[in-house]
Amino acid sequence: MTSLAHDTVAAAPRSRLAGGLGLAVVSAASFGASGALARGLLDTGWSAGAAVGVRVGIAALVVAPFGALALHGRWHLLRRNAGLVVLYGLLAVAGAQFCYFSAVSTMQVGPALLIEYTAPAAVVLWLWLRQGQRPGPVTLVGAALAAAGLVLVLDLLSDTELSTAGVLWALAAMVGASAYFLISADESNGLPPLALAGGGLVVGAVVLGGLGLVGLLPMTASTRPTTYGGTSVPWWVPLLALGVVTAALAYTTGIAAGRRLGSRLASFVALLEVLAGVGFAWLLLDELPRPVQLAGGVLILAGVVAVKLGERTVVRVEPTPA
């Protein structure tokens, strides 16, 4: 598991950093549309398992052939990293998306995303514990801002009722998102980004499909038109968008961004998904978080700046000799 803690703390070349930031923005914007698109399907009778299963299945069909080509016949890389690919498929693909879709079925898209995207703080903690990358004071300030923002997003200081099940699902999605950032940024395995994405999506599709076949995961679907922003569209339109845009494009660009930025910085830049998610929820569902939750979102997003500034102050703690 130590390979999952890989992160680059040295300054990256300017062109590599710029390219990574661009890919991270594309990935965040693509992922951000998934909650609103899925919510429309869930409201017409789709179960979270069915929506995620079809989404991941479509993405696997799109990405897997390109992943195979990216290997250039080096199948030993896939065999050598089979455990990592399976872990990626279980946590970062199937687990994260199923838990997130389950969360948005019981609560608003914005708060669910804000809870899930406390993942960057979890990434910082993991790297500290597993690889001795002790965060500097600025990074710690960013983590504290994220924690304070989470309190506001959960609206813990008022009597407003929030779905407990939704919060728990969103926190579970946070674990999957953390695994996504950590595994995506690991270059030591030698797997091309497309191969990792394709393999993980295939694993996710097989796992979700298998759980559905044996009855452990409810799979219900509907062919009723889906309504977004007052406009009805055929049911297959959001499904295609979920599979091609919010999964195939999002995962491949996200992995490529992680390789260039490192898991810590990539995870904080990906907080832009929250802004995209809130924006799509507003446009497609006419849904906005409460003002106090938006204030919490601002605090969480402030962690992006704090952690970026703290990238140069990471201290590597060497293990004490026995």
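Select first the loop between α13 (272–285) and α14 (291–310), where D286 lies; helices here are DSSP runs of H or I with at least four residues, numbered from the N terminus. This is a predicted model, in which local features need pLDDT of at least 70, side-chain atom pairs count only at pLDDT 80 or more, and totals for chains, interfaces and linings use all residues. Residues are numbered from 1 along each chain as its sequence is written, and side-chain values use heavy atoms, with hydrogens and water left out.

D286 is not a glycine, yet its phi is positive, about 55°. Its relative accessibility of 66% makes D286 exposed (over 50% relative accessible area; buried is under 20%, partly exposed in between; 1.4 Å probe, protein chains only).

Select next H72, in the loop between α3 and α4 (75–80). H72, also a residue other than glycine, has a positive phi near 50°.

Turn then to the interior. The largest nonpolar core (buried Ala, Val, Leu, Ile, Met, Phe, Trp, Tyr and Cys residues joined through side-chain atoms within 4.5 Å) has 73 residues. Helix α5 (residues 82–104) contributes the most to this core, 12 residues. Y251 is one of the residues with the most contacts inside the core. Beyond neighbours within four places in sequence, Y251 is in contact (heavy atoms within 4.5 Å) with F31, Y88, A92, V93, Q97, Y180 and L201.

Finish at helix α11, the place of V244. V244 is partly exposed, with a relative accessible area of 38%.

Conventions. Helices (H or I, at least four residues) and strands (E, at least two) are DSSP runs, numbered from the N terminus.
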